[in-house]
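Open the model in your viewer and keep the selection panel at hand. The tour goes from single residues out to the whole chain.

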Amino acid sequence: MIASRVRHRYADVEGVRLFYREAGSADSPVSLLLLHGFPSSSHMFRHVMEPLADSGARVLAPDLPGFGLSSLPEPGGEYTFAWIADVVEAWASRLGVGGRILYLHDFGAPVGYHLATRAPSTVRGLIVQNGNAHEEGLSSEWDVCRAYWADPTEENKSRIEPWLHYEGTKHQYLWALPDRIAELVPPETWELDWRAISRGHGIEAQWELFTDYRSHVARFAEISRYHRRHRPPTLIVWGVHDPYYDLEEVLAYHRDLPTAESHLLDAGHYLLETHGRECLSLMRPFVARLVEQGGWRGAVDRLSR
């Protein structure tokens with residue numbers, strides 16, 4: 001169907017030129033917001049958007065400001081996860097997005113959890129793909145980062161292994177992957193990412209955003225309270241070869257959300273690049289069920305007016 005085909009669009013919102021991909025009907029009762037991580041973009045969802053739209057959802061994938069084809073934040077301006085969430089919410093509101101399923105990956109998790117905790121009633125469900133929201137997920141690999149967040153001096157910054165360069169961007173995709181999986185990752189992923197994040201003052205901006213990750217860590221208790229109070233239906237798809245987020249993170253999600261459905265895949269941090277088919281087989285029925293429930297909820301709301 002033409003409606004499920006991916007359209008490529010731009011929107012000017014909150015001073016940002018935002019690129020986004022859209023598939024599915026705007027009349028769907030539920031939208032699926034796909035929020036990518038670092039250093040990627042909506043490009044990571046290119047193979048799954050049309051099949052997910054076939055499940056009945058309106059599927060939307062923005063390039064977050066500073067990533068992909070979206071514009072950079074203004075030099076010297078605010079570049080935080082809360083600000084990015086402001087931009088995404090303004091954009092979603094302009095498109096008429098109400099009930100939504102939030103797809104949370106890496107840096108997309110702090111953005112998505114700002115959206116969720118600000119307006120819990122809009123959230124129909126969560127799909128978590130290697131997105132951290134608990135202390136358990138941050139292994140000892142993050143100790144030097146914690147020291148820098150606590151005291152962001154040049155000395156503490158220098159103790160963090162260099163990663164904001166071309167080889168570091170490539171490393172994001174291949175680190176800790178067995179060769180049999182690494183050879184499945186298309187090299188254009190890191191090539192496109194590096195071009196995007198290294199534009200203009202992009203590297204300096206990325207350091208700003210990385211420094212602000214401490215604000216996400218500081219919100220872990222608030223996020224746990226959100227999980228326990230609102231109990232959003234949750235699907236977890238997790239690449240076990242992830243050096244960034246410990247596998248204990250999955251157990252922490254289950255502690256907060258006992259009914260969450262989780263699947264561990266023989267993949268890495270960017271599992272859609274290598275295991276998109278497996279993820280789709282799990283995501284499509286989950287999304288279809290929530291779309292159907294969203295339709296009933298909308299009908300009830302209309303009758304109660």
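Select Ala-85 and show what surrounds this residue. Beyond its neighbours within four places in sequence, Ala-85 is in contact with Val-111, His-114, Leu-115 and Arg-118. The model is predicted, and that applies to every stop below. Colour helix α2, residues 81–94, to see the element that holds Ala-85. Is Ala-85 buried or exposed? Its relative accessible area is 0%, under the 20% cut-off, so Ala-85 counts as buried.

Now add Gly-112 to the selection and draw a line between the two C-alpha atoms. Ala-85 and Gly-112 are 27 residues apart in sequence, and the C-alpha to C-alpha distance is 7.2 Å.

Next, move to Gln-129. This residue belongs to strand β6, which covers residues 123–129. With a relative accessible area of 0%, Gln-129 is buried. Which residues touch Gln-129, leaving aside its neighbours within four places in sequence? Select Tyr-103, Leu-104, His-105 and Asp-106, which are among them. Then add His-269, Tyr-270, Leu-271 and Leu-272, also in contact with Gln-129. Met-44 and Val-237 complete the list of contacts for Gln-129.

Select the cysteines at 145 and 279 next. Cys-145 has a relative accessibility of 9%; this is under 20%, so Cys-145 counts as buried. Cys-279 is buried as well, at a relative accessible area of 0%. How many disulfides does the whole structure hold? The search finds 0.

Clear the selection and show the chain as a cartoon. There are 12 helices and 8 strands to step through. Switch to C-alpha atoms and turn the chain along its principal axes: the box these atoms fill is roughly 60 × 40 × 40 Å. The radius of gyration is 18 Å, which agrees with the value near 19 Å that a compact globule of 305 residues would have.

Colour by burial next. Of the 305 residues, 57% count as buried. For a contact map, take the contacts between residues at least 6 apart in sequence: 77% of these join residues at least 24 apart.

Finish with the surface and the charges. The chain exposes about 13100 Å², and carbon and sulfur atoms supply 52% of that area. Select the charged side chains in two colours, one for the 31 positive and one for the 41 negative. The centres of the two sets lie 8 Å apart.

Terms used: Residues are numbered from 1 along each chain as its sequence is written. This is a predicted model: local features need pLDDT of at least 70, side-chain atom pairs count only at pLDDT 80 or more; totals for chains, interfaces and linings use all residues. Side-chain values use heavy atoms; hydrogens and water are left out. Helices (H or I, at least four residues) and strands (E, at least two) are DSSP runs, numbered from the N terminus. The radius of gyration is taken over C-alpha atoms; the globule rule is 2.2 Å times the number of residues to the power 0.38. Buried means under 20% relative accessible area, exposed over 50%, partly exposed in between (1.4 Å probe, protein chains only). Contact means heavy atoms within 4.5 Å. Accessible areas come from the Shrake-Rupley method with a 1.4 Å probe; for residues, only the protein chains shown count as cover. Lys and Arg count as positive and Asp and Glu as negative; His and the chain ends are not counted. The place of a charge is taken as NZ of Lys, CZ of Arg, CG of Asp or CD of Glu. A disulfide is a pair of cysteine sulfur atoms within 2.5 Å.
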